[in-house]
Amino acid sequence: MSGYKLSKFEGTLLFVNLICNKFLLFTPEYLRQVNLTGSVLMLGFSFLILGVFWYFLNYFSLPRKNFSKTFGVLIFIVYTFFTAFYLNQYIETVKTISLVDSSVYFIGGIFITVMIAGALSGIKALARSHALFIPFICISLLALISGSFSSLNPYLLFPVFGKGGGNLLKNGFFLISVFTEFSGIFILKDNFKDLKDFRKTGFYSIIISFIICITVQLSYIMSFAENFNFEKYPPVFQIIRQVESGQYFQRFDSLFLIMFSVSSFLYLGSQLFISSLAFSKAFRLTTNRYSVLPISFIIISVSYINSLQFFMTDISKILNLFLWAVPVILPLLTRKGKAV
Amino acid sequence: MGSTCYSASPYKERESCMKKIILIIFVILLSGCSNQKDIDNTAYVVGLGVDVLKNDDFLITFLTALPTDNKEINTKSVSYSIPSKTIYSASNNLTSILNKKIDFSHCRIIVFSQSVAEKGLSFFKKTLLNEKSFRPDTLSAVSQINAYDYLNSDAIKESSNPAGYFELMFNSKNSPDTVTFTIKDFYTKKDVVIPLIDSSGIKGSVILKDGKFISYLSKRQTMVYKILTGDFNHSYLSFDEDLSVLSLSRDKKPDITVWGKNKDKVNITLYLSGEVITDNTSKDYTTFVNLLKTECENFITFTKKDLNCDILGIYDKSRIYFADEKQLKDFDFYRHFPNYNFKINIIYRPIITSGRKFDL
């Protein structure tokens, strides 16, 4: 229901999950390449996003009715594509780390069902589920990662410029695309009680996402020497596999699986919901309910392309060239376009 | 077309909470059946041995647990040996022999015979780290005798809990001259020290450089290595010159600092405490501390000059002085390492117990 007003708590956790989900699934490649400085860059980017968000707040405070078509359609395309790619990756990852004997179609069936059910349930159900589960996931994630602190080697953060200053400048800037999902907050703007709630939600979600991002990223860099970095399993899974706590509590992999599953279910449902909402808003539809199923068919079709991840690996550099623009520049289109 | 957008939802406000809870409980309970593992259909490998055969294939020995409560059966483990090119193809062969699924998640040790270590463990290193079923905390050791013979030795066969036996035996906290090596150490270290075993137990350790065996370390050298790395807790040290015994403990982890214009000076500060526990010695504790310092210096000279291997992790510590990885690579650490100047400083805190004080 669009009438449901998100609280600050619910909204923050919704966007923390959307932004940080990629750290449970995969670590952005460039952040790993540039080591410590990449993390410092992330801090800078967080401030940049905060600044941009602050700037657009004034714009959003103006009385206005709807988004421009360009903004809505671009958000729809980005969200649909992301959901398809993430769905593909969730299926592959669960098949690799847990349900080894099951068919990908069976695993995909679970994810697709949950995704469609989540999107159809609406923003209230999604927001409340986030408020219920995501705090536990965030706390468990940070607690489990802190369990690996004893085996971390801080010297692996050096040399400071990683693979070189040029590489850092060339690739580091596009790290900002980590925050791509944050642009969904503009779609859900009407679901906040007032501008104050909207602003605080934006700020808290960026800050908490940054903390989680940096914790996961630095722990990963300090856990594995560069010559042994490999991306077969999710980085957090690899860190958690190393955690030991005495003789009786030796394995925390299953905890990761619960965190991963719940977070991915909520992510897929929310992404599909926001995607359909962006589509509805762009074309001035009265409801987003009827666009959920057609969009989900597009997502499923794309996600079952076998070579999607190889394709993604190849074009990830091209994607990074423009994805950074989504959270930063795209809201400009609403301003320049005839958004009212 | 209305200007307001509605996201309709079938979410019902008054839906019973109880129904959802029951549904969740059913989902959790039923999902457990889909990928069930029956203990009777699974062979749990608790130890793995790798020997090299004459035709360059490997002889893979699987020590599997025999879970039984029958008190007449004394053996708690059974071993199977299969010649093969890799661990995983041997595992497939074992599956067809036993008609059971092979599970490595309880594997506590991987024993490589010395001939395998001499050929190099790089191949195994990668395959072990890339396979989920091997836990990162799986222990590893090099055996002077065949790995097959070690895993079939009486001590292991007669042990009521082979996995527990390995855990106790390779626990570095229990013994001052035992080093613990787990496969996750391959993640971060280039040159490693790995325990050396034979049928009678731990004999010392060996140094692997880039995964290849290069030298033995005696038990005493292993203890000095542990003192230098801070893995050491407590030990009784005796020196050849005297019958005196020094009870030595670690106060805190040693500081290792790399400095100098050419990054070739290393300061190692050891924080130790202890007391001389022999009554009839005329020597002060400073004599023993100096002897220990000399021993540490000799050990470092042996590893850097004779072996050119960096088991203390100096390479990692010098990373801080380079701007990027190209510079670090161009520096060619191993060319300079034998000429590094090490300075060892022992900060020793003598323990003076109150009883002894009043005796004076």
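Which residue lies over the face of B:Trp259? That would be B:Lys265, at 5.8 Å from the ring centre. Keep in mind that this is a predicted model, with an ipTM of 0.77 and a pTM of 0.83. Here's a quick tour of its confidence, the make-up of chain A, the aromatic contacts and a few backbone oddities.

**Confidence**

- Chain B has a mean pLDDT of 82, and 83% of its residues get to 70 or more.
- Residues 1-9 of chain B are another story, with pLDDT under 50 throughout. The model still gives this stretch 31 contacts beyond four places in sequence.
- Where pLDDT is low, the predicted coordinates should not be read in detail.

**Chain A at a glance**

- Chain A is built from 14 helices and zero strands, so its pattern along the sequence reads α-α-α-α-α-α-α-α-α-α-α-α-α-α.
- Of the 340 residues in chain A, 59% are buried.
- Take the contacts in chain A between residues at least 6 apart in sequence: 85% of them join residues at least 24 apart.
- Chain A has an accessible surface of about 13500 Å², and carbon and sulfur atoms account for 69% of that area.

**Aromatic rings**

- Over all chains, the count of aromatic pairs is 29.
- One of them is A:Tyr90 with A:Tyr267, an edge-to-face pair at 6.2 Å centre to centre and with 75 degrees between the planes. This pair ties together distant parts of the chain, since A:Tyr90 belongs to helix H4 (residues 69-97) and A:Tyr267 to helix H10 (residues 253-282), 177 residues apart.
- Buried or exposed? A:Tyr90 has a relative accessible area of 0%, and because buried means under 20%, A:Tyr90 is buried. A:Tyr267 counts as buried too, at 0% relative accessibility.
- In chain B, B:Phe104 and B:Phe134 make a stacked pair, 4.6 Å centre to centre with 25 degrees between the planes. Here too the pair links distant parts of the chain, with the two residues 30 apart. B:Phe104 sits in the loop between strand E4 (101-103) and strand E5 (109-113), while B:Phe134 sits in the loop between helix H4 (122-130) and strand E6 (139-143). Both B:Phe104 and B:Phe134 are buried.
- Back in chain A, A:Tyr90 and A:Tyr267 belong to one aromatic cluster. Its other members are A:Phe82, A:Phe85, A:Tyr86, A:Phe111, A:Phe237, A:Phe256, A:Phe260 and A:Phe265.

**Lysines over rings in chain B**

- B:Lys252 has its charged end over the ring of B:Tyr271, 4.4 Å from the ring's centre.
- The opening example belongs here as well, with B:Lys265 over the face of B:Trp259.

**Backbone details**

- The peptide bond between A:Phe158 and A:Pro159 is cis, with omega near 0 degrees. You'll find A:Pro159 in the loop between helix H5 (104-146) and helix H6 (165-172) of chain A.
- B:Asp56 has a positive phi, near 70 degrees, in a residue other than glycine. B:Asp56 is in the loop between strand E1 (42-52) and strand E2 (58-65) of chain B.
- B:Asp210 also has a positive phi, near 50 degrees. Look for B:Asp210 in the loop between strand E8 (201-209) and strand E9 (212-217) of chain B.
- Why does B:Asp210 count as partly exposed? Because its relative accessibility is 47%, and partly exposed covers the range between under 20% and over 50%.

Key:
Residues are numbered from 1 along each chain as its sequence is written. Chains are lettered from A and ligands numbered from 1 in the order in which they are written. This is a predicted model: local features need pLDDT of at least 70, side-chain atom pairs count only at pLDDT 80 or more; totals for chains, interfaces and linings use all residues. Side-chain values use heavy atoms; hydrogens and water are left out. Rings of Phe, Tyr and Trp (its six-membered ring) pair if their centres lie within 6.5 Å; planes under 30 degrees apart count as stacked, over 60 as edge-to-face and the rest as tilted. Helices (H or I, at least four residues) and strands (E, at least two) are DSSP runs, numbered from the N terminus. Buried means under 20% relative accessible area, exposed over 50%, partly exposed in between (1.4 Å probe, protein chains only). A charge sits over a ring if NZ of Lys or CZ of Arg is within 6 Å of the ring centre and within 35 degrees of the ring normal. pLDDT is the predictor's confidence in each residue, from 0 to 100. Contact means heavy atoms within 4.5 Å. Accessible areas come from the Shrake-Rupley method with a 1.4 Å probe; for residues, only the protein chains shown count as cover.
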